[in-house]
Amino acid sequence: MALKVGRGAAAPPFLVMEVVTAANARQAALAPGAPHVIRMEVGQPATGAPAGAVAAVTAALRERAPMGYTEALGLRSLRARLSRHYQDWYGADVPLDRLAVTVGASGAFPLAFLAAFDPGDRVAMAAPFYPPYVNILTALGMQPVMLEAGPETRFQPSVAMLERLSPRPDGLIVASPCNPAGTMLHPDELAAIAAWCHANGVRLISDEIYHGLHYGHPIATAATLSPSAVVVNSFSKYFSMTGWRIGWMVLPEDLQRPVECLAQNLFISPPHIAQVAAEAALDCAEELDANVARYRRSRDLLLRGLPGAGFERMCPAEGAFYLYADVGERTNDSRDFCARMLAEAGVAASPGVDFDRTRGHRFVRFSYCGPEADMAMAAERLAAWR
Ligand SMILES: Cc1ncc(COP(=O)(O)O)c(C=O)c1O
């Protein structure tokens, strides 16, 4: 007899990860000495954890410090240091009680969604979007609602779009800078959205994972703009620590205890050793800012080089490390386009269908956080492939 398989098992693949597999296979099949595959498919810094984080972990291990469970909301010393981070970066007073350390931003989403929403609740977001938002909400029985956004709003949601939604959603997810478009909600726009959500009883979830990676525009955190918003952040991007699986949330008062109880049950605690590293990483600005300068140079180089390689229509890349290119004049099937680009030009990028199920067939996302020399070579290879 066939047994029941739960709704969560229907979560679609995260296509970026499938491109990673294809690019690995292509690299492995290359003859010795053949030009390597240029990796622009995944949002993973090529750099390791900052030196200060590595030193802190090495010292802790050398001293054989016990690496047990921590409190479910994380080490108090890390939460206190994060509180100081809000002072340093935003001049904001975010007390330790509002901070929860999580297993990456990914571990924060189920905690936030389960604490804030019920099955059946409608949670809006701009399309294009980061695919796991939709896949996690769906697995939890919640309903993602798409706000189709285009170049007019820099692929971001607006209060006008929210006003047009009927019925009102229960929640809204925003990301600034965002993945895949690399665009931002400027402080006045985020403030307007945060105020609208609070006034209309819509729970705002602000994914701030790309804070620190922005190239000119000032940035605001929802933590200071709304008493009801949940902020999600991570050590994966600016802090260059993807595999350490460590992130955090700023919680509104009504969700502090619910999130703590959920975290105790779902994860017990975030990894202890990664929390030691994260606390030290918060003091490594000099090294990390050098990475940001490198991303900025790679962005500038690609913005100059890619139009000549047939990628003329790109979003204004204000932050993160992505370029989202409209390739509608070259293909109607971005999956096939990316497969050919990998096979023929040796450049791996992600098809837009991952990020926008209705319009993504004509978009490609390039990630430029890889080595700077590779980014220069990518523009040359793509121009020759054109
Ligand atoms: C917008 C966004 N949010 C969250 C995540 C998940 O990050 P983490 O490594 O912290 O789980 C990513 C990863 O790429 C992302 O792009």
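1. Let me start with one residue in this predicted model. Ala124 has 23 other C-beta atoms within 10 Å, so the residue counts as buried; the cut-off for that class is 20 or more. Ala124 belongs to strand E3, which covers residues 122-127.

2. What does Ala124 touch, leaving aside residues up to four places away in sequence? The contacts are Val145, Leu147, Leu165, Pro169 and Leu172. You may also like to look at Pro157, which is 33 residues from Ala124 along the chain. The C-alpha atoms of Ala124 and Pro157 are 9.4 Å apart.

3. Now for the sheet around that residue. E3 is one of seven strands in an open, mixed sheet, whose order is E2-E8-E7-E6-E5-E3-E4. Strand E2 (99-102) and strand E4 (143-148) are the edges, each with a pairing on one side only. From one strand to the next, the twist averages 25°.

4. At the E2 edge, the neighbour to inspect is strand E8 (residues 247-250). Four bridges link E2 with E8, and the two strands are antiparallel. Within this pairing, Ala100 has Met249 of E8 as its bridge partner.

5. Two helices deserve a look against this sheet. Helix H4 (residues 104-116) packs on the sheet and touches E2, strand E5 (171-175), strand E6 (203-207), strand E7 (230-234) and E8. The direction of H4 makes about 165° with that of E7. Helix H5 (residues 131-139) lies across E3, E4 and E5, and the angle between H5 and E4 is about 150°.

6. H4 comes up again at the ligand. Which element gives the most to the shell around the ligand? That is H4, with three residues. The shell holds 13 residues, and those that come nearest to the ligand are Gly104, Ala105, Ser106, Ser234 and Ser236. If you sort the shell by class, you find four nonpolar, eight polar and one charged residues.

7. Another strand worth your time is E10 (residues 322-326). Is strand E10 mostly covered or mostly open? Four of its five residues are buried, so to speak of E10 as mostly covered is fair by the 10 Å neighbour count. E10 pairs with strand E13 (residues 363-367) through five bridges, in the antiparallel sense. Tyr322 of E10 has Ser367 as its bridge partner in E13.

8. E10 also pairs with strand E9 (residues 313-314). Here two bridges join the antiparallel strands. One to check on screen is Arg313, whose bridge partner in E10 is Asp326.

9. Finally, the whole protein. The chain forms twelve helices and 13 strands, and 47% of its 386 residues count as buried. Its C-alpha atoms fill a box of roughly 60 × 60 × 55 Å along the principal axes. Why does the protein agree with a compact globule? For 386 residues, such a globule would have a radius of gyration near 21 Å, and the protein has 21 Å.

10. One last number concerns contacts along the chain. Among contacts with a separation of 6 or more, 73% come from residues 24 or more positions apart. The Ala124 contact list in point 2 is a handy place to begin if you want to look at individual residues, with Val145 and Leu172 among them.

Definitions and conventions
Residues are numbered from 1 along each chain as its sequence is written. This is a predicted model: local features need pLDDT of at least 70, side-chain atom pairs count only at pLDDT 80 or more; totals for chains, interfaces and linings use all residues. A residue is buried if 20 or more other C-beta atoms lie within 10 Å of its own, exposed if 12 or fewer, and partly exposed in between; C-beta atoms are placed from the backbone. Two strands pair if DSSP finds at least two bridges between them. The radius of gyration is taken over C-alpha atoms; the globule rule is 2.2 Å times the number of residues to the power 0.38. Two residues are in contact if their C-beta atoms, placed from the backbone, lie within 7 Å. Axes are lines fitted to C-alpha atoms, for helices over the stretch in contact, and angles run from 0 to 180 degrees between N-to-C directions. A residue is near a molecule or strand if its C-beta atom, placed from the backbone, lies within 6 Å of it. Ala, Val, Leu, Ile, Met, Phe, Trp, Tyr, Cys and Pro count as nonpolar, Asp, Glu, Lys and Arg as charged, and the others, Gly among them, as polar.
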